[in-house]
Amino acid sequence: MRAPAPARDDVAQAACVVLERLRAKAPRVHCITNAVAQNFTANVLLALGCVPSMTLSVEEIGDFVARANAMLVNLGTFDAERRQATELAVEAAAQDRVPWVLDPVFVDRAPSRAEFARELGARGPSVVRLNHAEFGTLSGAAPSRDTVIAFAGRNKLVVALSGEADLVSDGARTVTVANGHPLMAKVTAMGCAASAITAACLAVEADPFRAAVAGLLIIGVAGEVAAETAKGPGSFAVAIIDALHNLDPAMLKARAKVS
Amino acid sequence: MRAPAPARDDVAQAACVVLERLRAKAPRVHCITNAVAQNFTANVLLALGCVPSMTLSVEEIGDFVARANAMLVNLGTFDAERRQATELAVEAAAQDRVPWVLDPVFVDRAPSRAEFARELGARGPSVVRLNHAEFGTLSGAAPSRDTVIAFAGRNKLVVALSGEADLVSDGARTVTVANGHPLMAKVTAMGCAASAITAACLAVEADPFRAAVAGLLIIGVAGEVAAETAKGPGSFAVAIIDALHNLDPAMLKARAKVS
Amino acid sequence: MRAPAPARDDVAQAACVVLERLRAKAPRVHCITNAVAQNFTANVLLALGCVPSMTLSVEEIGDFVARANAMLVNLGTFDAERRQATELAVEAAAQDRVPWVLDPVFVDRAPSRAEFARELGARGPSVVRLNHAEFGTLSGAAPSRDTVIAFAGRNKLVVALSGEADLVSDGARTVTVANGHPLMAKVTAMGCAASAITAACLAVEADPFRAAVAGLLIIGVAGEVAAETAKGPGSFAVAIIDALHNLDPAMLKARAKVS
């Protein structure tokens, strides 16, 4: 028998605790991410009080991951260097029990990337964050509440599926997060940033389901705040960094749309 | 006998049609571009309603290009990875008839880059967008209306030469685009973004001359709009993204300075 | 016997001269810098009137460095490509007498990076700019006024140590620069940008001590100006580019906190 959906207030409260811990603990988050997203991702993490690092060098990445509190593996612009770095990083993460998020960007565009993502999915990510097209390619099933729950349960990980409303499931627990704003789709690396924030949340919250919900809530609420003053995607991208910096638990709780 | 310069209103009207198609069709634009420009270029394309991709991976790039509607090859930070990616991408573009723009950044700085650019110029780009120093190196001639027309005609491509006023020619038709703002020269990757927009225009306009004029008009007018509120190059770079997002055919037509 | 600390007004005045020369001479600054910092660094240099270049390609980098007026070697995201590029670039810099700054980012995180930084430190950088953790790893000593002076003197270079107040020493002369703002630590690549500015200053000021002080003053004062309007680290990163563009010698002199 499946557990009922967690009560809205409980999940929002848990996200507030995660946000407070990010500010207090300043976790180190090592990001293997695409060339387009690196700068924005670093600034998003810094705005939340985290310490990002981004090296891909095979000589260094093991040391960086071992000293990190969480990791992101994002498959955008996935070249030989990133492939090799990921191999070493995933191994180091397993050895040092560093939790990590997989973001299989654009796996619907190239079969070789999809295959690599499937292999990675079996190597212990705590969370997979992705969009509908990517979920379809990765799971081989049309995205729906049922297929997401089934995929999460079967692979023993949390799925965070972004869309008009986001869906988060670990197979047993499932919630919908309805925060966010359409301008988020008009700024490059916004999904990558959401995955990086989710990784940061894993660093301070042992339950990956709660961490994933917190990650999506944090960026979704910041997006809503940013949209209130933005004049387009350029000023929106700037304002969301400010909003993440200024976000506090009271704002997060008041605006959370979880069901 | 050469055709006369297209009437100002015709060219501006054609650019308006291109802009509307960008919004309606959301073309995919694959960009091989330099590390400095990737994020800004992606945001510029998204602001216009396009879908950018940027991978350089040899395993993937053929698939990405084949699924794209247009391509950019920008020679900034041109390393072994980009060189190899370009080889494969240009081949895939030829096979799948994906039109592309060549942006020979800084060919005046390194002979090896200039040589590669000359080879690429012979492999079928629809448009070459470049500045005066780059044109001088690539063509071996001092930049002028006559040398630009001759180079375009001889190489059967459109030359889009940026400068105080931009010059666009396919050898037969030649126009000057006088939009833009001096702050555009103070933001990195602005020329790269102009080339990416031109590539996007090629995706929705079969005539590369019209596509190139549309591309330069779109970024030039957006630059003028952005300059009205900018306090320096930082806020200008943000405002031009907003302006591209908010640009509509009426604004484009009203502000176009084509002769 | 050591020279006394230069008088506050002299150092500030020297920085004003450097700033004026940057505007007038538009020096070329070649940057080997990390993938996260490339775009921001280029925009910072452009805002000051400099001409940045960033290629890492082994075929090209020698030509670019030979045509540059100064160079930055920043060890962030230090992969095989950057390592190889640095070898060639440092050689070209020595041959063509191009002064350069070493920024040993995150040497405290990976022993292989620290070792490479130590080797580079012996190959003739004019300035090493770094934070407390990095100084500790590089010098093997806890950072203090005395250890910084000793390290600078022993290695015949200028140390620019960032912190709540920055410390600059060439072993003989030592000053403290107390400009800046806490938001500078919340934007990625701000330290990298400070190093790039310092490199630019080396291009127009033969005394590396004065160049380093000028570099830190310029970015510190711009940071203070930016903080006056910023609503968080996102708008701060934009505003500091504007501030660098608008900075003039009078503002620099009036706000300089040198002791």
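Here are a few questions and answers on chain C and its contact with chain A in this predicted model.

User: How many residues does the contact take from chain A?
Analyst: Let's count both sides, with contact meaning C-beta atoms within 7 Å. Chain C puts in 23 residues, and chain A puts in 26 residues.

User: On the side of chain C that touches chain A, which helix gives the largest share?
Analyst: Three helices of chain C each supply at least two residues there: helix 2 (38–47), helix 5 (111–121) and helix 10 (233–246). The largest share is four residues, and it comes from helix 10 of chain C.

User: And what's the split of that side into nonpolar, polar and charged?
Analyst: We're still on the 23 residues from chain C. They divide into five charged, seven polar and 11 nonpolar.

User: Which strands are the edge strands of the sheet in chain C?
Analyst: The sheet is open, with eight strands in the order 2-1-3-4-5-6-7-8 and mixed pairing. An edge strand pairs on one side only, which picks out strand 2 (51–53) and strand 8 (174–177) of chain C.

User: Which residue stands opposite C:Leu161?
Analyst: C:Leu161 belongs to strand 6 (residues 158–161) of chain C, which runs antiparallel to strand 7 (residues 166–169) of chain C, with three bridges joining the two. The partner in strand 7 of chain C is C:Leu167.

User: At what angle does helix 2 of chain C run to strand 2 of chain C?
Analyst: Helix 2 also turned up on the side that touches chain A. In chain C, helix 2 lies across strand 1 (28–32) and strand 2. Its angle to strand 2 of chain C is about 160 degrees.

Definitions and conventions
Residues numbered from 1 in each chain as written. Chains lettered and ligands numbered in written order. Predicted model: local features only at pLDDT ≥ 70, side-chain atom pairs only at ≥ 80, totals over all residues. Contact = placed C-beta atoms within 7 Å. Nonpolar A, V, L, I, M, F, W, Y, C, P; charged D, E, K, R; others polar. Pairing = 2+ DSSP bridges. Axes fitted to C-alpha atoms, helices over the stretch in contact; angles between N-to-C directions.
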